[in-house]
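Thank you all for coming; I would like to spend a few minutes on some aromatic residues and their surroundings. Please have a look at the sequence and the fold before I go on.

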Amino acid sequence: MPDNFESFIQQHRDAFEGPGPSPRVWEALEKELGGSRKGKVVQLLSKNWFKAAVIAVLLVNAAVLFYMTRHKQHQQELANILPEMQDAKLYYTSRINEKLELINAYPANQLGLDSAARQELQLRNDTYKTLENELKNNPGNERIRGAMIRYYQLKLDLLDKILEELQDKHAAPTHLKKRYEAEI
């Protein structure tokens, strides 16, 4: 088969190297292809691109406003339903954040914690989010309130133990040492 094909090419070589179709044929073909490439949607967008951009910007703004309003209502609901839990949350959150700041001031090689453990030390981990969602769904449930307070206390105890161990093993940076002593 390949020998027949090569011999066919050899015999008709002059026909392949001919001038080809005239330039008028190519021009007509280009006009025909150029006109049919753009669809109706593309043609409409090319004429009304400013209107489409304005509509897109308005839709994005509406989505952002809807999200922000809903998020703010969600936070206010918890504060309105459980004002005492909001106070406890503010108290424990500030103390936990102070301790995390002290721990994070140590160099990573002295901490001895990998990134997963450091992530778990953060206040808003999966356990916290689960408890917070349960509390929002069942605001009158005393067990969930107690579990939330217990979570805060355990987190503080854990952070205190980590800080004590860090201070026993490594010299605390001077600014941290003064701050921690003032806190105690």
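Tyr 91 counts as partly exposed because its relative accessibility is 43%, where partly exposed lies between buried, under 20% relative accessible area, and exposed, over 50%, taken with a 1.4 Å probe and protein chains only. Tyr 92, by contrast, has a relative accessibility of 12% and so counts as buried.

I should say at once that this is a predicted model, in which local features need pLDDT of at least 70 and side-chain atom pairs count only at pLDDT 80 or more, while totals for chains, interfaces and linings use all residues. Residues are numbered from 1 along each chain as its sequence is written, and side-chain values use heavy atoms, with hydrogens and water left out.

Now to the rings themselves. The structure holds 6 aromatic pairs, a pair being rings of Phe, Tyr or Trp (its six-membered ring) with centres within 6.5 Å, called stacked if the planes are under 30 degrees apart, edge-to-face if over 60, and tilted for the rest. Tyr 91 and Tyr 92 make an edge-to-face pair, at 5.1 Å centre to centre and with 70° between the planes. Tyr 92 also pairs with Tyr 152, and here the rings are stacked, at 5.1 Å centre to centre with 10° between the planes. Tyr 92 lies in helix α6 (residues 83–104) and Tyr 152 in helix α10 (residues 142–169), so this pair ties together parts that are 60 residues apart in sequence; helices here are DSSP runs of H or I, at least four residues, numbered from the N terminus. Tyr 152 counts as buried because its relative accessibility is 0%. Together with Tyr 128 and Tyr 151, these three tyrosines, Tyr 91, Tyr 92 and Tyr 152, form one aromatic cluster.

What, then, are the residues with the most contacts inside the largest nonpolar core? They are Ile 96, Ile 103 and Tyr 152, in a core of 24 residues, which means a set of buried Ala, Val, Leu, Ile, Met, Phe, Trp, Tyr and Cys residues joined through side-chain atoms within 4.5 Å. Helices α6, α9 (126–137) and α10 each supply at least two residues of this core, and α10 gives the most, with 9 residues. Leaving aside neighbours within four places in sequence, Ile 103 is in contact (heavy atoms within 4.5 Å) with Leu 111, Leu 159, Ile 162, Leu 163 and Leu 166.
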